[in-house]
Amino acid sequence: MEYFSIFVKGIFVENMIFAYFLGMCSYLAVSKTVKTANGLGLAVIFVLGITVPINYLLENYVLKEGALTWLDPTFATVDLSFLSFIMFIAVIASMVQLVEMIVEKFAPALYGALGIFLPLIAVNCSILGGALFMQERQYPSIGEATTFGLGSGVGWWLAIVAIAAIREKIRYSNVPAPLQGLGITYIITGLMGIAFMSFMGIEI
Amino acid sequence: MSTENSAITPKRESLFSKKNRKLLKDPLGDSNPITIQVLGICSALAITVQLQQAVIMSLSVLFVMIGGNVIVSLLRNLIPDRIRIIVQLVIIASLVIIVDEVLKAYQPDISEKLSVFVGLIITNCIIMGRLEAFALANKPGPSVFDAIGNGMGYAWVLLAVSIVREIFGSGAISLPGMGQVKFLPQEWFISSGGFYENNNLMILPPMALVVVGIIIWIQRSRNEALIED
């Protein structure tokens with residue numbers, strides 16, 4: 001039940017886009033059609049599901065104060081947490097590269113769908129944001145951290161597919177010229193954010 | 001006078017030549033990183049509830065941008081093309097670690113409020129975008145101007161949004177070192193028999209998007225060339 005709660009919270013209550021605005025750059029740039037938005041959303045779920053657990057292990061067995069005791073008991077006072085930014089981003093950048101190569105080799109169909117989006121993801125704030133939130137919230141086990149990663153990924157996918165669908169439809173509406181494109185997308189995202197706020201405080 | 005100077009040092013431009021001024025001025029208006037280039041929005045929206053957070057964030061981004069632009073521009077002929085993204089990320093991450101440690105030491109409560117968003121400067125698209133688009137191809141001098149211009153372009157949107165949100169949301173203005181200054185008299189508020197009530201909607205995250213949307217609206221209705229079709 002704990003897992004389900006973390007998963008649902010990641011999708012609705014603490015949605016990456018509507019509650020924290022993470023990954024807005026690609027959210028605005030790649031949401032012109034549902035098809036490409038779907039591809040990028042799936043790639044984000046995939047990468048979050050892989051990098052959050054890896055960063056969790058890194059955090060708990062290398063970076064945190066006293067995390068290195070498994071190596072030698074005298075390391076109990078070593079605190080490497082100031083290195084976490086550089087370690088997390090290195091893990092993310094290299095994982096994205098690695099995942100891209102593996103997918104290209106073993107799942108060409110998936111590569112066709114996600115291929116062009118994978119390199120974009122290394123600099124998507126939501127991936128690093130996922131790692132940093134994982135660090136801040138101190139999940140008790142790797143299973144919960146992974147669930148959190150997948151949940152936030154699904155939340156991000158939901159947000160980008162929804163805005164892409166709205167943008168496809170809004171092309172037929174009479175939007176004031178200076179608001180067309182970027183402006184109206186911001187305002188719609190704001191309204192969607194207000195709608196998503198109704199999930200706040202839900203306990204499962 | 002100027003011709004004499006240019007005769008002596010023909011290749012040297014003056015500090016505020018037309019080109020440098022353009023580098024500084026363009027990102028403030030017609031190629032603003034947030035409203036036109038759509039870069040660096042992630043962090044811009046989440047930390048605009050209070051002015052002091054926005055000021056600290058703008059200064060941090062400005063520092064990281066200038067540092068990153070200068071370092072990458074100095075190393076531009078040494079960085080192999082294939083691994084340039086990872087080199088840039090490492091440079092930015094090191095600068096961000098400096099900012100984070102300084103903030104933790106001198107402004108602990110603001111650092112607490114900014115939480116993960118200081119770390120997210122690393123993936124702030126403005127910085128990566130300017131490194132890719134400008135610093136990799138230009139000398140350190142112009143790169144500094146480009147960094148200052150884009151940093152300021154980012155800063156004014158941030159400050160404008162946070163001023164609007166803080167005035168309407170909490171009826172106050174806050175600056176680092178001064179705390180929050182409430183300038184409306186207490187008896188105006190409904191709670192003490194007055195007529196005024198803070199608009200709590202403004203404090204909520206979605207309103208940041210709407211305020212930026214309105215800034216874009218104003219900017220594009222003043223300059224028709226920017227309108228998308």
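## A capped helix in chain B

A polar contact is a pair of N or O atoms within 3.5 Å, where, within protein, one must be able to donate a hydrogen and the other to accept it. This model is predicted, and helix H8 of chain B offers a case of such a contact. B:Asn124 caps the N-terminal end of H8(B). A side-chain oxygen of B:Asn124 lies 3.1 Å from the backbone nitrogen of B:Ile126.

H8(B) covers residues 125–133. Its buried residues are B:Cys125, B:Ile126, B:Ile127, B:Met128, B:Arg130 and B:Leu131. B:Ile126 therefore appears twice: its backbone nitrogen takes part in the cap, and the residue is buried. The cover over the buried residues of H8(B) includes parts of both chains. Chain A contributes H2. Chain B contributes helix H4 (51–74), helix H5 (84–106) and helix H9 (140–170).

## Chain A overall

Chain A has nine helices and zero strands. Its elements run α-α-α-α-α-α-α-α-α from the N terminus on. The C-alpha trace spans about 70 × 45 × 30 Å along its principal axes.

Of the 204 residues in chain A, 51% are buried. Take the contacts in chain A between residues at least 6 apart in sequence: 76% of them join residues at least 24 apart.

## Helix H4 of chain A

H4(A) has 23 residues, 84–106. What span should it have? At 1.5 Å a residue, the expected value is 33 Å. The end C-alpha atoms are 32 Å apart, which agrees.

Many side chains need checking here, so a list helps. The buried residues of H4(A) include these:

- aromatic: A:Phe85 and A:Phe88
- Val and Ile: A:Ile89, A:Val91, A:Ile92, A:Val96, A:Val99 and A:Val103
- others: A:Ser84, A:Ala93, A:Met95 and A:Glu100

## Aromatic pairs

A search of the whole structure finds eight aromatic pairs over all chains. In one of them, the rings of A:Tyr20 and A:Phe133 have their centres 4.6 Å apart. Their planes stand at 45°, so the pair is tilted. The pair links distant parts of the chain, 113 residues apart. A:Tyr20 sits in the loop between helix H1 (2–13) and helix H2 (24–29) of chain A. A:Phe133 belongs to helix H7 (residues 125–137) of chain A. A:Phe133 counts as buried because its relative accessibility is 4%, under the 20% limit.

Chain B supplies another pair. The ring centres of B:Trp188 and B:Phe195 are 5.5 Å apart, with planes at 40°, so this pair is tilted too. B:Trp188 has 37% relative accessibility and counts as partly exposed. B:Phe195 has 59% and counts as exposed. Back in chain A, one aromatic cluster is formed by A:Phe12, A:Phe18, A:Phe196 and A:Phe199.

## Where the chains meet

The size of an interface is often given as the accessible area lost when the parts come together. Between chain A and chain B, the buried area is about 3,500 Å². Carbon and sulfur atoms give 83% of that area. A:Phe21, A:Phe85 and A:Tyr186 supply 20% of the area that chain A buries against chain B, more than any other three residues. A:Phe85 is also among the buried residues of H4(A).

In contact terms, 37 residues of chain A meet 41 residues of chain B. How many salt bridges are there between chain A and chain B? The count is zero. The count of residue pairs in polar contact, both at pLDDT 80 or more, is zero as well. On the chain A side, H2, H4, H7 and helix H9 (182–196) each give two or more residues. H9(A) gives the most, with eight residues.

Technical notes:
Residues numbered from 1 in each chain as written. Chains lettered and ligands numbered in written order. Heavy atoms only, no water. Helix = DSSP H or I, 4+ residues; strand = E, 2+ residues; numbered from the N terminus. Expected span 1.5 Å × (residues − 1). Buried < 20%, exposed > 50% of the residue type's maximum accessible area, 1.4 Å probe, protein only. Phe/Tyr/Trp six-rings, centres within 6.5 Å; stacked < 30°, edge-to-face > 60°. Contact = heavy atoms within 4.5 Å. Buried area = accessible area lost by both parts, 1.4 Å probe. Salt bridge = Lys/Arg side-chain N within 4 Å of Asp/Glu carboxyl O.
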